[in-house]
Amino acid sequence: MAERTIFHKIIDKEIPSTVVYEDDEVLAFKDIHPKAVTHLLFIPKHFVASIADVTSETAYIPGMLILKAQRFAKEKGIDGYKLTFHVGRKGGQEVPYLHLHFLSEQSLA
Ligand code: 5GP
């Protein structure tokens, strides 16, 4: 079995994080080293290591993360933000658990 990453432990609440949104499929929490006024990470509860590992079965996941981030932003009145996936070590991905970065210079209400 693949090693559990820090994000598995955040989902299982073994490691504390500041959760801003959670449902059956997704967890969103504040990045510990924010690179913007609001820097969140949206992760799926179904584990996929990276965009590079997405298959036809898991292709719904990136779109789902984007949709949850879009709805979250609307709810919070944030209308300007960046969404980023880092892919692979050479693409800046440090944690091998697929995640969507949400960055905005607008603060959470
Ligand atoms: P990556 O570089 O893999 O795309 O992004 C991983 C992100 O996870 C980084 O921005 C990093 O600051 C964040 N991160 C790493 N460890 C933790 C942690 O224990 N808690 C939280 N909240 N964020 C973390």
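## The shell around the ligand

In this predicted model, the shell around the ligand is made up, by class, of 7 nonpolar, 6 polar and 4 charged residues. In total 17 residues surround the ligand, and the closest of them are Asp31, His86, Glu94, His99 and His101.

Two elements, helix α1 (6–11) and strand β2 (26–30), each supply at least two residues of this shell. Of the elements that contribute, α1 gives the most, with 3 residues.

## Polar contacts and cover

Both oxygen and nitrogen atoms of the ligand lie within 3.5 Å of polar protein atoms. An oxygen atom of the ligand is 2.7 Å from an N or O atom in the side chain of histidine 86, which is also listed among the closest residues. The backbone takes part as well: a backbone N or O atom of valine 95 lies 2.9 Å from an oxygen atom of the ligand, and a polar backbone atom of isoleucine 32 is 3.3 Å from a nitrogen atom of the ligand.

On its own the ligand has 520 Å² of accessible area, and the protein covers 88% of this area. The space that the ligand takes is the largest pocket.

## An aromatic pair between α1 and β2

A search of the whole structure finds 7 aromatic pairs. One of them is formed by phenylalanine 7 and phenylalanine 29, whose rings are 5.5 Å apart centre to centre, with 75 degrees between the planes, an edge-to-face arrangement. Because phenylalanine 7 lies in helix α1 and phenylalanine 29 in strand β2, the pair ties together parts that are 22 residues apart in sequence. These two elements, α1 and β2, are also the ones noted above as each supplying at least two residues of the shell around the ligand.

How values were computed. Residues are numbered from 1 along each chain as its sequence is written. This is a predicted model: local features need pLDDT of at least 70, side-chain atom pairs count only at pLDDT 80 or more; totals for chains, interfaces and linings use all residues. Side-chain values use heavy atoms; hydrogens and water are left out. A residue is near a molecule or strand if one of its heavy atoms lies within 4 Å of it. A polar contact is a pair of N or O atoms within 3.5 Å; within protein, one must be able to donate a hydrogen and the other to accept it, and residues adjacent in sequence count only if both atoms are side-chain atoms. Accessible areas come from the Shrake-Rupley method with a 1.4 Å probe; for residues, only the protein chains shown count as cover. On a 1 Å grid over the protein atoms alone, a cavity is a set of points where a 1.4 Å probe fits but cannot get out, and a pocket is an open set with protein on both sides within 12 Å along at least five of seven lines; lining residues have an atom within 4 Å of a point. A molecule sits in a cavity or pocket if more than half of its atoms lie within 2 Å of its grid points. Helices (H or I, at least four residues) and strands (E, at least two) are DSSP runs, numbered from the N terminus. Ala, Val, Leu, Ile, Met, Phe, Trp, Tyr, Cys and Pro count as nonpolar, Asp, Glu, Lys and Arg as charged, and the others, Gly among them, as polar. Rings of Phe, Tyr and Trp (its six-membered ring) pair if their centres lie within 6.5 Å; planes under 30 degrees apart count as stacked, over 60 as edge-to-face and the rest as tilted.
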